[in-house]
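I opened a fresh page for this one and went through it topic by topic. Here are my notes, in the order I took them.

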Amino acid sequence: MFTLAEVASLNDIQPTYRILKPWWDVFMDYLAVVMLMVAIFAGTMQLTKDQVVCLPVLQSTVNSKAQPSASGKADFTTVETTTGRKTNLDFQQYVFINQMCYHLALPWYSKYFPYLVLIHTIILIVSSNFWFKYPKTCSKIEHFVSILGKCFESPWTTKALSETACEDSEENKQRLTGAQSLPKYVSTSSDEGSPSASTPMITKSGFKFSADKPMIEVPSVTILDKKDGEQAKALFEKVRKFRAHVEDSDLIYKLYVGQTVIKTVKFIFILCYTANFVNTISFEHICNPKVEHLIGYTQFECTHNMAYMLKKLLISYISLICVYGFICLYTLFWLFRIPLKEYSFEKVREESSFSDIPDVKNDFAFLLHMVDQYDQLYSKRFGVFLSEVSENKLREISLNHEWTFEKLRQHVSRNAQDKQELHLFMLSGVPDAVFDLTDLDVLKLELIPEAKIPAKISQMTNLQELHLCHCPAKVEQTAFSFLRDHLRCLHVKFTDVAEIPAWVYLLKNLRELYLIGNLNSENNKMIGLESLRELRHLKILHVKSNLTKIPPNITDVAPHLTKLVIHNDGTKLVVLNSLKKMTNVAELELQNCELERIPHAIFSLSNLQELDLKSNSIRTIEEIISFQHLKRLTCLKLWHNKIVNIPSSITHIKNLESLYLSNNKLESLPAAVFSLQKLRCLDVSYNSIALIPVEIGLLQNLQHFHITGNKVDTLPKQLFKCVKLRTLSLGQNCITSIPDKVSQLLQLTHLELKGNCLDRLPATLGQCQLLRKSGLVVEDHLFDALPSEVKEVLNQDTSIPFANGI
């Protein structure tokens, strides 16, 4: 027979799984152990003492008792002969009959009752613990228990809950002292911007108010070392992946319900058939072994010595199985009373500062419900690792440990405008030490989804430019007040309009706003820019997107704008009537907007000074005659279009100083261009021009002339009458020689000749006092062929003469 220890091992589960065993499972496990003891005790007794004792039933009757003598007196002789009856059976025959009758006369339930109890109990034990053994569920349970234990013991859990307790304690103090208007948590950074504000100070008698530095001390909490922080971050990642893995199915829930149903059905079955066999267990039994030819008797009366004990054990077993069944019924009631495939952390959210703990579902929810039956403290502490607020706090601590003031200082650089600039890329947040860089001019935040700008930014008095690249930053009220008053330039790059922080539209002192993103995507079709009406001092608006029309909200700041830039990434800009309202615009750029003609709305911009229509599909510019109304227009950029010729009406733009016509399809330069006496810059590079007209000599104010990438083969002598030329780009043409009159260009600092058919350079280049080798773009062999004295002049230090030329 099995020992109790051997059979009880079937009920063994890992000690760590006890947190998933509610009281009813534990109670049923103990009942199963008692049933095992009953089965083993009954089986042991049956193996050692179970037997029947049988005696034959005699067939002859005592006739002497029934028939008196003829004289009316008893026949004493006859009585004496019948007082003892011989059975004619020896010991071996009695043993034989006992064995025969044990199998024939004894009911089967009396013989097999202990074994049935053992089998039933083993089935119940297996049913109770099957969900811990089944591979597809035990793996999830193992991971859950492991993660739950680590989350419970994690120092980060203690720290996060301690901070919550500190905040709650601080709130209670504020309520008791009537100081509800005071901040929950006072930090030096939040008050440095307003040192004159009244702040509480802790004294022996309570709170008193002082204008000095705040002295509230929040109880210190555990400070995580680097190892604990890394473990906590790993736990957050494990919890996130485990949740995604478990929430997609309800297998554990179904398996637990299934095994509970099986136990309930098993209880009903055992109860039904066992109750019918209670009365079959009897002390006396009649046996007819049918072995008259061996024994001489046909019937025996037998006694079963274990009948009384077995009956009592059976009644005890029935009592145990009834209790077991009632618990199974309660379990089913609990399983279907509330939706166990949904779990809410509402109480945890109410008791802590982690208001964003998400509700969970399916197997994840069921496991948490089971844990609550063991101890609700586990789920409360586990909720810390489901909260994004908690994860962000951990990231913030780790971030501040990694990005110290010294490390940030090493990343500060000087940009093209000679301003101190810091660029932070793909961090979990903005390190606190950033706001200690008080001399920073430009701050760039890129791909930082949880960026928060605290009140400490008010220390950065030099900060005037902020870049938010896919970074929907949140700001505190004090920080917003500072940005509203001090920020001058803001760059926002986004994918969805919702990424543009709402506070951007309230920066009343903002001068420059750069918006880069897709305004016509599927997500943004019904979304427009918020009202820009509050940006009263906005002067420059730069929009790089794919607009089909100028957003109506831009007209809110139209009267204030002096520069409007729209880069449209190839989307055709159709509606331009809003331009007429921008009466003060001095610079207008409409690049890559698929314009086919110069928009008529531009002719209403009387204050326009610079117009840039780069990278469009303009073929003709006959409308240029209307530019005569734009008296202040000095710069016209029509480069990267499909313009074939320049109309003579260009002469009406009397004040034009810069004309950019590069990357078009021009084949000639009309004389009308050279009537623009104020022209200082002419760029006709990368066209099909074969001849430089002699009228170019009329441009006495010309300083920059670019004709690179054309078909010019000769240079007219009149070109060198433009003595103010500083830049002359003649590369990638068919020029065979450079006239010696190039020496007349005394102001020349940049000369490009590379890509021509030159065989030599004129020695008179040495007379161009400001030209140096760095400004001479030519093949090396041509430069080497120059006289040594010319090369010596060109190789001189450029710093002093260049400075004088400037």
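**Entry 1: overall make-up**

I began with the secondary structure and found 22 helices and 26 strands in the protein chain. This is a predicted model, so I kept the confidence values at hand.

Next I looked up burial: the chain has 806 residues, and 47% of them count as buried. For the accessible surface I noted about 40,200 Å², with 54% of that belonging to carbon and sulfur atoms. I also checked how far along the sequence the contacts reach. Taking contacts with a separation of 6 or more, 55% are between residues 24 or more positions apart.

**Entry 2: confidence**

How high is the mean pLDDT of the protein chain? I read off 81, and 83% of the residues reach 70 or more.

Then I went to two weak stretches. Residues 61–82 stay under 50 in pLDDT, and the model gives them six contacts beyond four places in sequence. Residues 170–222 are also below 50, and there I noted 61 contacts beyond near neighbours in sequence. A reminder to myself: where pLDDT is low, the predicted coordinates should not be read in detail.

**Entry 3: the disulfides**

I searched for disulfides and found two. Which cysteine is joined to Cys 54? The partner is Cys 302, with the sulfurs 1.9 Å apart. The angle about the S-S bond is 110°, and the link of Cys 54 and Cys 302 is right-handed. Cys 54 lies in strand S1 (residues 52–56) and Cys 302 in strand S5 (residues 300–304), so this pair ties together parts that are 248 residues apart in sequence. I found both Cys 54 and Cys 302 buried.

The other disulfide is between Cys 101 and Cys 287, with 2.1 Å from sulfur to sulfur. Here the angle about the S-S bond is -90°, and the link is left-handed. Helix H5 (residues 91–104) holds Cys 101 and strand S4 (residues 284–287) holds Cys 287, so the pair connects parts 186 residues apart in sequence. Cys 101 has a relative accessible area of 1% and is buried. Cys 287 also counts as buried, at 1% relative accessibility.

I wrote down the pattern too: counting bonded cysteines along the chain, the disulfides go 1-4, 2-3.

**Entry 4: a cysteine in no disulfide**

I then looked at Cys 757, which is in no disulfide. How far away is the nearest cysteine sulfur? That sulfur belongs to Cys 734 and is 5.5 Å away. A disulfide needs the sulfur atoms within 2.5 Å, so the distance of 5.5 Å leaves Cys 757 and Cys 734 unpaired. As for exposure, Cys 757 is partly exposed, with a relative accessible area of 49%.

I looked up Cys 138 as well: its relative accessible area is 18%, and the residue is buried. The cut-off for buried is under 20%.

**Entry 5: aromatic rings**

I counted 24 aromatic pairs in the structure. I picked Trp 24 and Trp 334: their ring centres are 4.8 Å apart and their planes are at 50°, so I logged the pair as tilted. Where do the two residues lie? Trp 24 is in helix H2 (residues 23–49) and Trp 334 in helix H13 (residues 307–337), so the pair ties together parts that are 310 residues apart in sequence. Both Trp 24 and Trp 334 are buried.

I followed the ring pairs outward and arrived at a cluster of Trp 23, Trp 24, Tyr 330, Phe 333 and Trp 334.

**Entry 6: charges over rings**

I noted that Lys 407 lies over the face of Trp 403, 4.2 Å from the ring centre. Likewise, Lys 614 has its charged end over the ring of Trp 639, at 4.9 Å from the centre.

**Entry 7: Val 291**

My last stop was Val 291, in the loop between S4 and helix H12 (292–295). Is Val 291 buried or exposed? Its relative accessible area is 7%, so I put Val 291 down as buried.

I then listed its contacts, leaving aside neighbours within four places in sequence: Phe 96, Ile 97, Met 100 and Gly 296. For Ile 97 I also took the C-alpha to C-alpha distance to Val 291, which is 9.1 Å, across 194 residues in sequence.

Definitions and conventions:
Residues numbered from 1 in each chain as written. Predicted model: local features only at pLDDT ≥ 70, side-chain atom pairs only at ≥ 80, totals over all residues. Heavy atoms only, no water. Helix = DSSP H or I, 4+ residues; strand = E, 2+ residues; numbered from the N terminus. Buried < 20%, exposed > 50% of the residue type's maximum accessible area, 1.4 Å probe, protein only. Contact = heavy atoms within 4.5 Å. Areas by Shrake-Rupley, 256 points an atom, 1.4 Å probe, with all protein chains shown as cover. pLDDT = per-residue confidence, 0-100. Phe/Tyr/Trp six-rings, centres within 6.5 Å; stacked < 30°, edge-to-face > 60°. Lys NZ or Arg CZ within 6 Å of the ring centre and 35° of its normal.
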